[in-house]
Amino acid sequence: MPTPTSLSSVNSNAAPTFSATQVLGALRWRYATKTFDPARKVSDADLEALLEVIRLAPTSSGMQRFHVTVVSNPSIKEKIREASFGQEQTTMSSHVLVFSARPNFRDHAERLFAAALANGAQPEKVATLRRNTKIGVAIRTLTASREAWAARQAYIALGFALVAAAELAIDACLMEGFLPGKLAKAIHLETTLTPVVMMAIGYRSDADKIRPKYRLSKEKLIRVI
């Protein structure tokens with residue numbers, strides 16, 4: 001089991017205090033947990049650290065085109081299970097994190113531009129970013145790819161969350177099998193958001209079967225030119 005890392009005390013000006021070996025060890029330890037121990041709950045401190053990692057995850061132009069709903073309420077988790085074809089991870093886990101795409105982000109973008117100016121960014125560069133953002137949104141609207149772009153941002157955050165969970169010795173399971181409309185209703189999601197992926201977190205049950213990792217070799221997966 002990896003040694004939990006203090007993710008909540010990260011200082012953006014300090015060099016990382018963990019090594020690549022630790023990260024690799026955490027990734028080799030983790031697997032898609034199917035059976036959680038319902039008696040074990042993720043602590044508030046570890047949950048906050050995990051959510052802070054999600055908040056700090058990189059996204060396209062820093063726009064954070066996604067939203068995360070954290071669910072621990074048993075009755076709502078039961079509804080999530082119904083929306084996800086009866087997958088028991090949803091109810092046996094400590095929490096379920098629902099990542100939703102946010103296709104419309106105009107107000108958020110303007111706040112980001114204002115923050116950049118307040119932090120000393122050059123006005124002409126912010127103006128260029130605003131113009132390029134509008135052009136990008138127009139293109140993605142015309143090509144009907146705006147929702148897909150927003151979903152990709154959610155998946156970036158999800159990737160960071162999976163690694164962070166492993167570093168904290170928290171088990172996790174990525175879940176894509178659900179009915180989006182039914183899930184949105186179960187968690188009372190606002191209509192401007194669309195659920196795209198879920199992440200159940202908690203601690204593996206002793207009865208769970210740890211499956212071997214099936215991964216392509218570096219030679220088949222990676223090409224160096």
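## Helix 3 and the sheet

Helix 3, residues 74-83, lies across strand 1, strand 2 and strand 4 (194-202). Its direction makes an angle of about 120° with strand 1. The model is a predicted one.

The sheet beneath this description is open and has four strands. Their order is 1-2-4-3, with antiparallel pairing. Strand 1 (66-71) and strand 3 (171-175) form the edges, each pairing on one side only. On average, neighbouring strands are turned by 20° against each other, direction ignored.

## Strands 1 and 2

Strand 1 and strand 2 (residues 95-101) run antiparallel and are joined by six bridges. In this pairing, F66 stands opposite A101 of strand 2.

## Salt bridges

How many salt bridges are there? The count comes to two.

One of them pairs R55 with E52. Their closest N and O atoms are 2.7 Å apart. Both residues belong to helix 2 (residues 44-56), three residues apart, so about one helical turn separates them. R55 has 49% relative accessibility and counts as partly exposed. E52, at 29%, also counts as partly exposed.

The other joins the side chains of D171 and R204, again with an N to O distance of 2.7 Å. This pair links distant parts of the chain, 33 residues apart. D171 sits in strand 3, while R204 is in the loop between strand 4 and helix 9 (218-221). Are these two residues buried or exposed? D171 is buried, and R204 is buried too.

Methods. Residues are numbered from 1 along each chain as its sequence is written. This is a predicted model: local features need pLDDT of at least 70, side-chain atom pairs count only at pLDDT 80 or more; totals for chains, interfaces and linings use all residues. Side-chain values use heavy atoms; hydrogens and water are left out. Two strands pair if DSSP finds at least two bridges between them. Helices (H or I, at least four residues) and strands (E, at least two) are DSSP runs, numbered from the N terminus. Axes are lines fitted to C-alpha atoms, for helices over the stretch in contact, and angles run from 0 to 180 degrees between N-to-C directions. Contact means heavy atoms within 4.5 Å. A salt bridge is a side-chain nitrogen of Lys or Arg within 4 Å of a carboxyl oxygen of Asp or Glu. Buried means under 20% relative accessible area, exposed over 50%, partly exposed in between (1.4 Å probe, protein chains only).
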